[in-house]
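Please walk me through this structure, explaining how its side chains pack and pair with one another.

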Amino acid sequence: MSLTTPFPEPDSPELERFAIYSRSEIAGLLRQLRDKQVLVTLYYDQAAGFTVSNVLEVNEGFEEVILDRTSDAAAQKAIYASKQLVVVAFLDNVKLQFSVGAAEAVEHHGRPAFRVRLPQQLLRMQRRGAYRRQPPAVRPATCLVPSPGKKGQYESVRVLDLSVGGLALFVHPVQFSLPPDYTLENCYLDLPDVGQITVTLRVRYVDEIKASNDGVRRCGCEFVELSESAARMLQRYMNKLDAAARSSGPPPSEAAA
């Protein structure tokens with residue numbers, strides 16, 4: 001996928017893990033495009049032509065989005081003739097893409113504009129490992145990890161943060177002595193409100209937590225050959241954390257997975 005280009009991503013089953021269906025989340029992202037005055041690229045005629053626009057208004061109650069109308073007469077005519085339009089934008093380095101039906105000419109505060117239906121689906125695409133999220137303390141994500149040397153026994157450890165590329169675990173040296181590159185197979189990652197996924201973890205680093213007096217450590221791991229279904233569930237959980245963060249405060253912190 002070309003997540004850094006303004007061109008639409010072609011239909012593919014692998015895009016499902018990036019899909020958002022919540023109307024309120026979709027409207028919220030479109031309002032951010034409006035509030036930050038982000039330029040959007042509007043593709044028409046099966047992506048053979050395009051023009052640049054802005055989101056002027058998002059009316060969730062009427063299920064409509066108002067876009068600034070281009071001054072290019074030929075582009076206007078092609079847009080009105082298109083049965084499907086694809087909109088692509090970048091919000092804080094995250095690629096957003098959605099499709100809508102035919103556009104209707106309207107006026108918005110005395111200026112010419114397009115009106116389209118609020119999309120039922122929006123793709124929110126980001127490079128793997130682009131940022132981490134901290135699960136809420138009230139409903140933490142946990143991971144069942146096989147106890148080294150104890151066949152069939154597992155330890156439930158807290159997830160400190162995670163991304164679609166990996167996670168960090170809150171571990172104690174009495175429970176685990178995990179050297180870098182050690183692989184943990186058949187781990188069970190519990191994601192609240194989403195479900196449990198089976199993952200294989202490769203240890204990348206182990207750091208002592210300075211504030212801890214009992215040697216508790218932060219163990220950073222990467223996912224190894226994450227299955228497609230597990231990746232979709234993980235992305236869904238990340239989307240939920242993103243939605244909660246957008247409604248309560250700061251943007252995602254940038255970090256490598």
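**Packing and pairing of side chains**

Tyrosine 80 has a relative accessibility of 31% and therefore counts as partly exposed, in a model that, it should be said at the outset, is predicted. Its ring forms an aromatic pair with phenylalanine 114, an edge-to-face arrangement with 5.7 Å from centre to centre and 75° between the planes. This pair links distant parts of the chain, since tyrosine 80 belongs to helix α2 (residues 73-81) and phenylalanine 114 to strand β8 (residues 111-117), 34 residues apart. Phenylalanine 114, at 1% relative accessibility, counts as buried. The count of aromatic pairs comes to three, and another of them joins tyrosine 43 and phenylalanine 50 in a tilted arrangement, with 5.6 Å between the centres and 40° between the planes. Tyrosine 43 is buried, because its relative accessibility is 4%, and buried means under 20%.

From the rings we can turn to the nonpolar cores. In soluble globular proteins, nonpolar side chains tend to be buried together. Here the largest nonpolar core has 31 residues, and those with the most contacts inside it are Cys143, Leu162, Leu167, Leu169, Leu189 and Leu201. Among the elements that give two or more residues to this core are β11 (142-146), β13 (166-171), β15 (195-208) and α3 (228-248), and α3 gives the most, with seven residues. Apart from this core lies another, of 29 residues, which includes Leu33, Leu42, Ala75 and Phe114. Returning to the largest core, leucine 167 is in contact, once its neighbours within four places in sequence are left aside, with residues including Val159, Leu162, Leu189, Leu201, Cys219 and Phe223, and also with Arg132 and Asp161.

Charged side chains make up the last part of the picture. Side chains of opposite charge can pair when their charged atoms come close. The count of salt bridges comes to 17, and one of them joins glutamate 9 to lysine 95, with the closest N and O atoms 2.8 Å apart. Glutamate 9 lies in the segment before β1 (19-20) and lysine 95 in strand β6 (residues 94-100), so this pair ties together parts that are 86 residues apart in sequence. Both glutamate 9 and lysine 95 are buried. Arginine 31 and glutamate 60 also meet in a salt bridge, at 3.5 Å from N to O, and here arginine 31 is partly exposed, with a relative accessible area of 26%, while glutamate 60, at 21% relative accessibility, counts as partly exposed too.

Methods
Residues are numbered from 1 along each chain as its sequence is written. This is a predicted model: local features need pLDDT of at least 70, side-chain atom pairs count only at pLDDT 80 or more; totals for chains, interfaces and linings use all residues. Side-chain values use heavy atoms; hydrogens and water are left out. A nonpolar core is a set of buried Ala, Val, Leu, Ile, Met, Phe, Trp, Tyr and Cys residues joined through side-chain atoms within 4.5 Å. Buried means under 20% relative accessible area, exposed over 50%, partly exposed in between (1.4 Å probe, protein chains only). Helices (H or I, at least four residues) and strands (E, at least two) are DSSP runs, numbered from the N terminus. Contact means heavy atoms within 4.5 Å. Rings of Phe, Tyr and Trp (its six-membered ring) pair if their centres lie within 6.5 Å; planes under 30 degrees apart count as stacked, over 60 as edge-to-face and the rest as tilted. A salt bridge is a side-chain nitrogen of Lys or Arg within 4 Å of a carboxyl oxygen of Asp or Glu.
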